[in-house]
Amino acid sequence: MLIDILTTFPEMFSAEAPAALGLSIPARARKASVVEWHATNIRDYATDKHQKTDDRPFGGGPGMVMMCQPVWDAVMAVEAKDPRPARRVLLTPQGRPLTQGLVEELAKEPRLLLIAGHYEGIDERVIEKLSPLEVSIGDYVLSGGELAAMVLMDAVIRLLPGSLGAEDSAETDSFSAAEAVGKFGKDLAGRRLLDCPHYTRPREWMGMAVPEILISGDHEKVAKWRLEQRAERTRARRPDLMGPE
Ligand code: SAM
């Protein structure tokens, strides 16, 4: 997969450690050529001599608005650099909430073009012309779209084949639509459950023992127990994920 990010802070996307994307799974995936990403500075496409990308809002009021022309020219130039069709994504608090379902959908794309806004946002006319998928990472306002773009990238990259080793499979992660869920309970089929609790050595810590079943060696029973835990947790913590009973 190729990911292009249009931003006025391309340094934030450096793949060299210690930047966020230069560590852990995204860094490994990039090294293994599972994904590549390039951050392009929208400012490079500004035509005025001060490389201005924003201006005062029509109608008055506080803040600045990102101008159409630099954003449009940056998108056109970056898209022309690679023949793969890019799914355009604009990060905005007004967009479709980013869920695991949407992450799975985006992970199937050959190419993503992420647009990070700043200030009050981007002139509505260029949004209309580009008609991107508008995505929000939650009901709160960040100062810029860069962190939102990184959240989306991290969630997508870990689903790309070859990103995760067997030791950290995404199949039983919270919100994943694992097929195995339907094996033990028809009512759970297709549900996006939370993950089960996890334990590691030592068997006893501060007088607290690991659940007996996990050391029984009975894989079928362990799988059933884990699924029950997932269902129980989801009912208790996120009943909205269980749907109507
Ligand atoms: N005036 C805008 C509004 O209220 O909808 C908020 C602009 S915000 C200060 C600046 C930029 O941060 C946005 O253009 C967007 O790219 C990004 N941003 C802020 N919150 C976000 C969120 N929850 N999800 C995705 N992007 C966000």
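This is a walk through a predicted protein model, from its overall build to its ligand and a few chosen residues.

Let's begin with the whole chain. The protein has 245 residues, and 40% of them count as buried. As you trace the chain, you will meet seven helices and nine strands. The C-alpha trace spans about 70 × 40 × 40 Å along its principal axes. About 14300 Å² of the protein is exposed, and 54% of that area comes from carbon and sulfur atoms. Another way to look at the fold is to ask which parts of the chain touch each other. Taking the contacts with a separation of 6 or more, 72% are between residues 24 or more positions apart.

Now turn to the ligand. How many residues surround the ligand? There are 20, and the closest are Leu 91, Gln 94, Gly 117, Glu 120 and Tyr 140. Some of the links to the ligand involve the protein backbone. A polar backbone atom of Ile 137 lies 3.1 Å from a nitrogen atom of the ligand, and for Gly 138 a polar backbone atom is 3.0 Å from a ligand nitrogen. Gly 145 takes part as well, with a backbone N or O atom 3.4 Å from an oxygen atom of the ligand. The ligand taken alone would expose 580 Å², and the protein buries 85% of that.

Tyr 140, one of the residues closest to the ligand, also belongs to a nonpolar patch on the surface. Its partners there are Phe 9, Met 12, Leu 142 and Leu 147, and together the five residues have about 430 Å² of accessible area. Leu 142 is worth a closer look. You can find Leu 142 in the loop between strand S7 (133-136) and helix H5 (146-157). Is Leu 142 buried or partly exposed? With a relative accessible area of 33%, Leu 142 is partly exposed. A patch residue needs over 30% relative accessible area, so Leu 142 passes that cut-off at 33%.

Next, visit His 118, which sits in the loop between strand S6 (111-116) and helix H4 (124-130). His 118 counts as buried because its relative accessibility is 13%, and the limit for buried is under 20%. What does the side chain of His 118 reach? At 3.5 Å it reaches the backbone oxygen of Ser 143. The side chain of His 118 also makes a polar contact of 2.9 Å with the side chain of Glu 146. Setting aside neighbours within four places in sequence, the residues in contact with His 118 are Thr 8, Phe 9, Met 66, Ser 143, Gly 144 and Glu 146. You have already met one of these, Phe 9, as a member of the nonpolar patch.

Charged side chains come next. Side chains of opposite charge can pair when their charged atoms come close. In this model the count comes to 13 salt bridges. One of them joins Lys 52 and Asp 55, at 3.7 Å from N to O. Lys 52 is partly exposed at 32% relative accessibility, and Asp 55 is partly exposed at 31%. Arg 88 and Glu 79 form another salt bridge, with their closest N and O atoms 2.6 Å apart. Here Arg 88 is partly exposed, at 22%, whereas Glu 79 is buried, at 17%. Asp 82 and Arg 84 also meet in a salt bridge, at 3.0 Å from N to O. In that pair Asp 82 counts as buried at 17% relative accessibility, and Arg 84 counts as partly exposed at 29%. Salt bridges can also share partners: in this way Arg 87, Arg 96, Glu 105 and Glu 109 are joined into one network.

The last stop is Arg 238, in the segment after helix H7 (219-237). Arg 238 counts as partly exposed, with 31% relative accessibility. Not counting residues up to four places away in sequence, Arg 238 touches Phe 175, Leu 194 and Arg 233. How far apart are Arg 238 and Lys 49 in space? From C-alpha to C-alpha they are 53 Å apart, and 189 residues separate them in sequence.

Terms used:
Residues are numbered from 1 along each chain as its sequence is written. This is a predicted model: local features need pLDDT of at least 70, side-chain atom pairs count only at pLDDT 80 or more; totals for chains, interfaces and linings use all residues. Side-chain values use heavy atoms; hydrogens and water are left out. Patches are made of residues with over 30% relative accessible area and no salt bridge: like charges are joined within 9 Å, nonpolar side chains (Val, Leu, Ile, Met, Phe, Trp, Tyr) within 5 Å. Accessible areas come from the Shrake-Rupley method with a 1.4 Å probe; for residues, only the protein chains shown count as cover. A salt bridge is a side-chain nitrogen of Lys or Arg within 4 Å of a carboxyl oxygen of Asp or Glu. Helices (H or I, at least four residues) and strands (E, at least two) are DSSP runs, numbered from the N terminus. Buried means under 20% relative accessible area, exposed over 50%, partly exposed in between (1.4 Å probe, protein chains only). A residue is near a molecule or strand if one of its heavy atoms lies within 4 Å of it. A polar contact is a pair of N or O atoms within 3.5 Å; within protein, one must be able to donate a hydrogen and the other to accept it, and residues adjacent in sequence count only if both atoms are side-chain atoms. Contact means heavy atoms within 4.5 Å.
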